[in-house]
Amino acid sequence: MAAICMLNALWFKPETGAQRYAEYGEAVTPILDDVGAALFFPPMRVVQPLEGGFDPDLVVFVRYPSWEAFNGMWRTEAYSKIAHLRTEAITKAVLTRCSIDPEDAAPNGHVPPGVFVFNGLYFNDGGAATYD
């Protein structure tokens with residue numbers, strides 16, 4: 001069972017969405033802890049989409065010890081009690097399962113001030129080995 005990272009791209013409802021999602025964040029943290037999940041980076045607000053029309057309000061990367069841990073987490077009774085907070089916060093979400101390479105990469109506890117550029121790269125079979 002390999003660790004995975006879930007990319008959460010979120011578009012908030014006007015006026016109340018960001019606050020409601022903050023409530024969800026507080027409520028989901030102990031549930032994430034229970035399954036061994038952790039933020040891979042601090043949540044990041046999107047300031048300016050530069051290419052491709054990808055313009056969510058917030059991007060969050062969560063590392064799970066396995067797909068099974070993620071899949072089991074959202075099916076728990078504890079999660080079902082708080083899921084409405086997320087639903088009430090967002091108008092749209094893109095949730096994407098990503099592999100972690102190397103597999104033993106750990107969550108990054110600190111991102112220095114500056115600009116973070118997210119590049120979503122897709123490789124055909126063998127392409128990652130030739131990417132430089």
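Residues 24 or more positions apart account for 83% of the contacts in the protein that have a separation of 6 or more, where contact means heavy atoms within 4.5 Å. The structure is a predicted model, in which local features need pLDDT of at least 70 and side-chain atom pairs count only at pLDDT 80 or more, while totals for chains, interfaces and linings use all residues. Residues are numbered from 1 along each chain as its sequence is written, and side-chain values use heavy atoms, with hydrogens and water left out.

## Elements and surface

The secondary structure comes to four helices and five strands, which from the N terminus on run β-α-β-β-β-α-α-β-α. Helices (H or I, at least four residues) and strands (E, at least two) are DSSP runs, numbered from the N terminus. Of the 132 residues of the protein, 30% count as buried; buried means under 20% relative accessible area, exposed over 50%, and partly exposed in between, with a 1.4 Å probe and protein chains only. The protein exposes about 8,900 Å², of which carbon and sulfur atoms supply 54%, the areas coming from the Shrake-Rupley method with a 1.4 Å probe and, for residues, with only the protein chains shown counted as cover.

## Strand β1 and its partners

Strand β1 is mostly covered, with nine of its nine residues buried. Its two faces are both covered: I4, M6, N8, L10 and F12 are buried on one side, and C5, L7, A9 and W11 are buried on the other. β1 pairs with β4 in the antiparallel sense over seven bridges, and A9 of this strand stands opposite V59 in β4. Two strands are taken to pair if DSSP finds at least two bridges between them. β1 also pairs with strand β5 (residues 90-99), again in the antiparallel sense, over nine bridges, and here L7 stands opposite T96 in β5.

At W11, the charged end of K92 sits over the ring, 4.5 Å from its centre. A charge sits over a ring if NZ of Lys or CZ of Arg is within 6 Å of the ring centre and within 35 degrees of the ring normal.

## The nonpolar cores

A nonpolar core is a set of buried Ala, Val, Leu, Ile, Met, Phe, Trp, Tyr and Cys residues joined through side-chain atoms within 4.5 Å. The largest one has 21 residues, and those with the most contacts inside it are Y21 and Y64. At least two residues of this core are supplied by each of β1 (4-12), α1 (17-34), β4 (58-64), α2 (67-73) and α3 (77-89), and the largest share, five residues, comes from α1. Apart from this core lies another, of nine residues, among them M44, V59, F61 and I100.

Leaving aside neighbours within four places in sequence, Y64 is in contact with A3, I4, M6, L32, V35, A37, A69, F70 and M73. One of these partners, A69, is found in helix α2 and counts as buried at 14% relative accessibility. Residues up to four places away not being counted, A69 touches V35 and Y64. A69 and D34 are 35 residues apart in sequence, yet 9.6 Å apart in space, C-alpha to C-alpha.

T87, by contrast, is found in helix α3 and is exposed, with a relative accessible area of 54%. T87 and Y21 are 66 residues apart in sequence and 8.8 Å apart in space, C-alpha to C-alpha.

## Aromatic pairs

A pair of aromatic rings is described by the distance of the centres and the angle of the planes. Rings of Phe, Tyr and Trp (its six-membered ring) pair if their centres lie within 6.5 Å, and planes under 30 degrees apart count as stacked, over 60 as edge-to-face and the rest as tilted. By this rule the count comes to six aromatic pairs, and two that involve F70 are set out below.

| Pair | Centre to centre | Angle between planes | Class |
|---|---|---|---|
| Y64 and F70 | 5.2 Å | 80° | edge-to-face |
| W67 and F70 | 5.4 Å | 35° | tilted |

Y64 is buried, with a relative accessible area of 4%, and F70 counts as buried at 9% relative accessibility, whereas W67 counts as partly exposed at 29%. W67 and F70 are separated by about one helical turn, because they are three residues apart in helix α2. Elsewhere, F12, Y21, Y24 and Y79 form one aromatic cluster.
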